[in-house]
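The following exercises concern the arrangement of strands and helices in a protein model. Please examine the sequence and the structure before attempting them.

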Amino acid sequence: MQTSHFFECFDELLGSPKKFTLVCHVNPDGDAIGSMTAMSLFLSNKGHYVKMVAPNSFPEFLQWIPGASDILLFDRDQTACQEAIAMSDCIIMLDFNSLARSGVLHNEIGKTRCPRVLIDHHRDPDLSQFYCSYSETCVSSASEIVTEIILHYGMECLSEEIATCLMVGIMTDTGAFSHSIYHPRTFELCAILDAKSIPYNLIHQRVYDTFSEGRLRLLGYSIDKKMEILDDYAVAIISLSKSELDSFNYQVGDTEGIVNFPLTIKKIKVSVLITERQDQIRLSFRSKGDFSVHELAHKHFKGGGHTNAAGGTTTTTLEETIQKLKSILPEYEALRYEV
Ligand SMILES: [Mn+2]
């Protein structure tokens, strides 16, 4: 991507003090929170007035991140979020690329006339909606892009707090450096972040060693009792009903990561976690190699994401969703399992 145009525009925006509002996607993950808090700290340090808005709450294992307690949540404090968005001179969208993914914020952002900036790594952005964009799909995370942006303004802009936020984002979007690394630059940037951030083992511990007993038991149950390995396809499916989730005292974020485990089976190329939520069925896809779960999710489940990690939804039942998934597999010759 040509970044010179982005920096021309972004320089101009930073040129005089402004009210920035940063927004992220529904069900914010480590990259959404990490990239947003880092950008917020960076802009505040530059003398700007910054508000952060998320559509809904995020898991406890992300709440220690520097600045995360300042994030306004639309599902808790609608008025403050509406005000922040309405009064902004510039809105920066991080870690998502279409207004629809901002859920309830969609309408609020749609009403504004101020310039919008996109900082994202998902596929198929609609760039016409933005004043300027740094949209790059061959990077690990939005946090990686924010690292590049901050370094562009000089190493002295990278505080311990900012480096810590960004390390969380890159670490979580790569599954602690196990996927979504497309070039050596990711590690180069992490070396720079690591030198400035709090110790990496502490970051890892704060994010990953935070399970409740229920969450670990849910993981064990999902794999032992609910994982279905298909005979003819290199595909594993785990489905969890709302009542199953409830029986393990489900908290937001508890199913995070479950979808990755079936991929540790040698023969499995695609893993799908299907969960029953309040008003929809949610699908989470992971793949190994070059099979694109983005395309599958986009074509059949109103979703998308990345080659190896994507999401989708249906509004049918859990059982119908499982059947639909199985019925489309014959389209994908690459997933057929040959003994
Ligand atoms: Mn991301």
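The exercises below treat a predicted model, and each is followed by a worked solution.

**Exercise 1.** Determine the order of the strands in the open sheet whose pairing is parallel, and identify which strands stand at its edges.

*Solution.* Begin with the order: 6 strands form this open sheet, arranged as 3-2-1-4-5-6, with parallel pairing. Next, consider the ends of that order. Strand 3 (72–73) and strand 6 (132–135) each have a single partner strand, so one side of each is left without a neighbour in the sheet. Finally, inspect the pairing at one edge: strand 5 (residues 116–120) runs parallel to strand 6 and is joined to strand 6 by 4 bridges. Within this pair, Asp-120 is found opposite Ser-135 of strand 6.

**Exercise 2.** State which strands helix 1 lies across, and give its angle to strand 6.

*Solution.* Locate helix 1 at residues 4–14. Helix 1 lies across strand 4 (90–94), strand 5 and strand 6. Its direction makes an angle of about 130° with strand 6.

**Exercise 3.** Describe the packing of helix 2 against helix 5.

*Solution.* Two packed helices are described by the angle between their axes and the distance between the axes. For helix 2 (residues 30–45) and helix 5 (residues 142–152), the angle is about 20° and the axes are 8 Å apart. Angles under 35 degrees count as roughly parallel; helix 2 and helix 5 are therefore roughly parallel to each other. The crossing of helix 2 with helix 5 is left-handed. Turn now to the residues: helix 2 contributes Asp-31, Gly-34, Ser-35, Ala-38, Met-39 and Phe-42, which meet Ala-142, Ser-143, Val-146 and Ile-150 of helix 5. Classified by character, the residues of this contact comprise 6 nonpolar, 3 polar and 1 charged.

**Exercise 4.** Analyse the open sheet of mixed pairing and the helices that lie across its strands.

*Solution.* First, establish the order: 6 strands form this open sheet as 7-8-9-10-12-11. Strand 7 (227–229) and strand 11 (304–305) stand at the edges with a single partner strand each, so each has one side without a neighbour in the sheet. Second, examine a pair within the sheet: strand 8 (residues 235–240) and strand 9 (residues 270–276) are parallel and share 6 bridges. Here Leu-240 has Thr-275 in strand 9 as its bridge partner. Third, add the helices. Helix 9 (residues 213–226) lies across strand 7 and strand 8, at about 120° to strand 8. Helix 12 (residues 318–328) lies across strand 8, strand 9, strand 10 (281–287) and strand 12 (309–314), at about 160° to strand 9.

Terms used:
Residues numbered from 1 in each chain as written. Predicted model: local features only at pLDDT ≥ 70, side-chain atom pairs only at ≥ 80, totals over all residues. Pairing = 2+ DSSP bridges. Helix = DSSP H or I, 4+ residues; strand = E, 2+ residues; numbered from the N terminus. Contact = placed C-beta atoms within 7 Å. Axes fitted to C-alpha atoms, helices over the stretch in contact; angles between N-to-C directions. Parallel < 35°, antiparallel > 145°, perpendicular 65-115°, else oblique. Left-handed = near helix turned anticlockwise from the far one by under 90°. Nonpolar A, V, L, I, M, F, W, Y, C, P; charged D, E, K, R; others polar.
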